[in-house]
Amino acid sequence: MKIFQLALITTSIALTACGNSNPSLSDARKQIEAEFYGAIGNCSQIKLDDFEKINGMPNGERHYTLQIKYSMKVIPPSKNAKIADEYIDSRKNGTAQQAEGAVISQLIQNFDPACAAPLNRILQRNDIMHNEKEFPHGILDYYSRGFIKVSQENIPMVLTENGWIVIKK
């Protein structure tokens with residue numbers, strides 16, 4: 001009898017905990033990554049990383065807003081840094097044989113072809129942040145050394161029979 005009562009209490013505590021749970025960072029991350037990687041295709045040189053939960057706010061019985069922060073990292077081919085450095089040195093010495101646009105085109109061509117369109121869409125956005133000390137040569141540095149863009153978002157979520165899902169904006 002005591003074993004039955006203990007099992008009943010344990011089950012009711014587990015069910016109560018499930019009913020009151022808030023969405024986890026993992027719930028949001030899985031869906032954000034699926035949407036992001038679905039949009040960029042097979043590009044392996046752009047990664048989402050460093051997910052962090054900032055805050056969470058209940059919005060009624062089955063709704064919740066999760067504040068998260070994450071970074072997008074562009075990982076250029078290693079040979080791009082050498083090409084950019086040689087160009088920058090030749091420009092400083094006055095011996096540059098190519099225009100910067102031609103060098104940038106060469107750097108872009110070194111990326112996986114699956115990354116060309118996603119990289120261009122990312123770099124055309126006005127919210128790409130960079131540090132002038134780290135990237136004094138602007139877009140040339142982006143394609144040769146990579147960059148990190150940090151995003152902070154409020155993710156609206158709803159509890160369904162299958163768990164928490166992100167509400168599409």
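These are my notes on the sheet, the helix across it and the salt bridges in this predicted model.

**Entry 1: the sheet**

I started with the strands. There is an open sheet of four, in the order S1-S2-S3-S4, and the pairing is antiparallel. Which strands stand at the edges? I found S1 (46–58) and S4 (163–166) there; each has a single partner strand, so one side of each is left without a neighbour in the sheet. From one strand to the next, the twist averages 35°.

Next I looked at how S1 meets S2, which covers residues 63–74. The two run antiparallel and pair over ten bridges. To fix the register in my head I noted one position: Asp49 stands opposite Ser71 in S2.

**Entry 2: the helix across the sheet**

What lies across the strands? Helix H2, residues 25–40, lies across S1, S2, S3 (147–160) and S4. I have its direction down as about 140° to S1.

H2 also carries a salt bridge of its own. The side chains of Arg29 and Glu33 meet at 3.0 Å, N to O. The spacing makes sense to me: these residues are four apart in H2, so about one helical turn separates them. I checked Arg29 for exposure too, and at 29% relative accessibility it counts as partly exposed.

**Entry 3: the other salt bridges**

How many salt bridges does a search of the whole structure find? The search gives eight, and I followed up some of them.

Glu52 and Lys69 form one, with N to O at 3.9 Å. I kept an eye on that value because the cut-off for a salt bridge is 4 Å. This pair links distant parts of the chain, with Glu52 in S1 and Lys69 in S2, 17 residues apart. Are these two buried or exposed? Neither label fits: Glu52 is partly exposed at 39% relative accessibility, and Lys69 is partly exposed as well, at 29%.

Then I went to Arg91 and Glu100, whose closest N and O atoms are 2.6 Å apart in another salt bridge. Arg91 has a relative accessible area of 35%, so I put it down as partly exposed. Glu100, at 26%, goes down as partly exposed too.

Last, I looked for salt bridges that share partners. Which residues do they join? Asp49, Asp50 and Lys73 come together in one network. I had already met Asp49 in the first entry, as the residue opposite Ser71.

Key. Residues are numbered from 1 along each chain as its sequence is written. This is a predicted model: local features need pLDDT of at least 70, side-chain atom pairs count only at pLDDT 80 or more; totals for chains, interfaces and linings use all residues. Side-chain values use heavy atoms; hydrogens and water are left out. Two strands pair if DSSP finds at least two bridges between them. Axes are lines fitted to C-alpha atoms, for helices over the stretch in contact, and angles run from 0 to 180 degrees between N-to-C directions. Contact means heavy atoms within 4.5 Å. Buried means under 20% relative accessible area, exposed over 50%, partly exposed in between (1.4 Å probe, protein chains only).
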